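Please look through the model shown below before reading on; the paragraphs that follow go from one chain, to the contact between chains, to the nonpolar core.

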Amino acid sequence: MKAKIIEHSEVAAIFNKDVKRVDWHDETLWFVREKRDKAAFQIPEWELLRETASKIKNNVLSNIHKYLVEFETNALKNGVIVHWAADADEHNKIVHSIIENHGVKQMVKSKSMLTEECHLNEYLSEKGIDVIDSDLGERIVQLRKEPPSHIVLPAIHLKKEDVSETFHEHLGTEKGNNDPQYLTEAARMHLRDTFLTRKVALTGVNFAIAETGEIVVCTNEGNADMGVHLADVHIACMGFEKLIPQRKHLGVFLRLLARSATGQPITTFSSHFKTPRDGKEMHIVIVDNGRSTQLGREDFRNSLKCIRCGACMNTCPVYRRSGGHSYHNAVAGPIGSILAPNLDMSKNADLPFASTLCGSCTNVCPVKIDIHDQLYKWRQVLVKEGHSPTAKTIAMKGMATVLANPMVFDLAGKAGRFAMKNIPAVVNNSLNPWYKQREMPAPPEESFREWYKKNGKESKDKRHE
Amino acid sequence: MSSRATILEKIQFNQPSSVTELPELDTLGLEVFNILDTYKTVLQGIGGHFVEVKDYDAIIDFVKKNYPAGKRMITTIPELSKIATMNWMNVDPHLLENVELTLVKAHFGVAENSALWVTDAILGQRVSVFIPQYLAIVVNKKDIVATMHQAYERIENQVYGFGTFIAGPSKTADIEQSLVLGAHGARGLTVFLME
C-alpha cells in the first residue's frame, strides 16, 4: 500500500543538489537556534529548569500507569469522554466514529503530530471526510499534498515564492505576490470561513494533567481555540507520554517549551481545556501506538520525555542540510530518528545513521534526553538485528579484516597512496563519497609506521645520548 | 480485552520497577527583577502594546480615540458598558464573527512572558478573545507576578472549565520565518495597566 521508503541519504543527496537553497535552509534553521539561545540565556536558572523538567518526566515514566488512571478518572469527572487506542488504526477508527456519530463530513484540525504519525488525514479522506488543517504552515503543506517537514515549523522547507504559487492556485491570490503579510491575510480569510462552518474540531495535546484531568494546547495563531470554541465537538488526541503529574508542573514546561522551540518567552496562547462548553462534547483519545514498547526498552525509554519543541532539529547539522522530508517519518530530525525505529525497525533503520553524533541535540534538549547516545545505541541494535544495508555490512567486514591484519593494512595503505598519487581518477570520482563536495587531500609520502621506523629509533638514540 | 486494559497492562509491565522522586519546585522563579518594567518590555517585544491608566474612564477615552466608532465592541466589564455591549454572552458564538474589539479583565499577568490569565469567569464566551479583530485586556498593576511558577501558585485550585494565558497578538512566522501579526486571532493586543 505504502510507497517504498527512500533512504535518508538518497533524499538528502537530491536536497543538496540546489546548493543555494540548502544554504538558505541551513541558515534559516540556525537563525531559529540562535533565537533559542538568546531566550535561554535570559533565564539565569535555565539549566535548573531543564534538570527539573527532566526529573518530572522521569517520574512520569516511572509511574505512568497510576497517572494515566488518575487522569482518566478526573477527565471523566470533568464530563469528558475518554477513548483508548492501542495503535494508529484504532485511533483513526475512533476519530472517524465520533465524526460519523455527528453526521458530518467535515472537520477542522489544529496541529497534531500524533495524527500525522497515524496518517489520520489519509484515513478520513478515504472515508469521505474532508479535513482542513488550520495551522498556517500545515495548511500550506496540505494544499501542496506534502507532509510537514518540521514539527514546529511545518513549511520551513518552502520559500515565500512557493507559498505564493500554492495560494495562487488554491486560494486565488495574486500571481507573483510574495508578501508574507498578504499571503497570511489570504489564509486568515480562507480559514475563518472554515472555523465558522465546522462542527467538529480536532486538536493535539501539549500537556495532560493527571491531577485535574485537563489538557493544555499551545499555539501562536489561535487556530486550535478558534476551531474548538466554535465547534460542537472537540476531539483531542494524545500519546500517553504527554502526561504530567500536577498543574504546577506546567510552570516548568511552559517556561521551557516556546523558548526552546522559537525563542519566544511563551506561545501566544496556552489554553487549558478542562470541561466541554455547556451542551457540547469533548473527547480525549489516549494513544499507545508503540509507546508502551518503547517504555520497555531501557536504553530508549526516555525518548518518551520529548515535549516536541523541535530544538534538536534546528541545531542538527544533518537536519539543516538534508531537510525534514528526508527522514520519511512524522517526526524528523534527531528525536524522530530515535522514535522511528521503535515504530518499525526495518523501515527506519537508516535514520539513526543520519547523524554525526555531534551531541548538539542533547545539549539543547529542554528535558535532557540523551539523543545522540540513543542514536548510537540504535545503531548497535539495528546492526545486531540484521537491519544494516548489505553494502555497509560488506564494507565493515572488509575494514575489520584490514584493520586486524598489520600486513594487509600496510599493503592497503601503500596501494592507496600509490593510487592517489599516480591514478587520482580512481578516487577523484563521484563513486567515492569522500570526494563529494570536497577535494581529496594530497597523498602523504609515507605512512606513520614507515616514518616511525626511520625516525623513531633516531630520536630514541638522541634521548639516550 | 479492551484496548484500555491492554495498554495499561503493557505499561505496568514495561515501566521502570521503582518510582523516581518528583523534584521540588520551591527554588525556581526566585530571581528578583522589576516586575512592571519587565512586563512592559516583554509585551512590546512580542508585538503587544500597553497603556497605563488610572481608571476605567481613561480606558473609555483611549478606546474612543483609537478604535473606529460604529464597529462592534463587546466586553464583560460593567464599567465599560458605555462603549461596548454586554448582551452577547448567551448567543451562538458564531454571531461574534463581526466583533472588532473585545475588552476583558485578566485575573493576573506574568512579567517574564507578558502573558495574561483569563478563564470562563471573565470571558463571557470562550471564543470572545479569539474571534475579534482586536483585543484589549485590563490588568491591575499589582496583579502582575514574576514568573510562571508564581502564576500557577496563584491559580492554585481555581475552578474553571477553560482558561488560557494570552501573550501578545495572534501571530505566525510560517512563511519564510517572516513574523506576521494577526494569524487567526486578534491582529493587535492592547494591555491596559491599571493603578
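A residue counts as buried if 20 or more other C-beta atoms lie within 10 Å of its own, the C-beta atoms being placed from the backbone. By that criterion, and bearing in mind that this is a predicted model, buried residues make up 46% of the 195 residues in chain B. Chain B contains five helices and 11 strands, and its C-alpha atoms fill a box of roughly 65 × 45 × 40 Å along the principal axes. Among the contacts in chain B with a separation of 6 or more, 72% are between residues 24 or more positions apart.

Where chain A and chain B meet, the contact takes 68 residues from chain A and 58 residues from chain B. On the side of chain A that touches chain B, the largest share comes from helix α3 of chain A (residues 46-62), with nine residues, and the residues of that side divide into 31 nonpolar, 23 polar and 14 charged. Strands also pair across the two chains: β9 of chain A (residues 269-273) and β8 of chain B (residues 162-166) run in the antiparallel sense and are joined over five bridges, with Ser271(A) standing opposite Thr164(B) in β8(B).

Turning to the interior, the largest nonpolar core has 173 residues, of which Ile215(A), Met238(A), Leu243(A), Phe253(A), Leu116(B) and Ile137(B) touch the most other members. Helix α12 of chain A (residues 250-261) gives the most to this core, contributing eight residues. Which residues does Phe253(A) touch, if those up to four places away in sequence are not counted? They are Ala53(A), Phe207(A), Ile244(A) and Ile307(A).

Technical notes
Residues numbered from 1 in each chain as written. Chains lettered and ligands numbered in written order. Predicted model: local features only at pLDDT ≥ 70, side-chain atom pairs only at ≥ 80, totals over all residues. Core = buried A, V, L, I, M, F, W, Y, C linked by C-beta atoms within 7 Å. Buried ≥ 20, exposed ≤ 12 C-beta atoms within 10 Å, placed from the backbone. Helix = DSSP H or I, 4+ residues; strand = E, 2+ residues; numbered from the N terminus. Contact = placed C-beta atoms within 7 Å. Nonpolar A, V, L, I, M, F, W, Y, C, P; charged D, E, K, R; others polar. Pairing = 2+ DSSP bridges.
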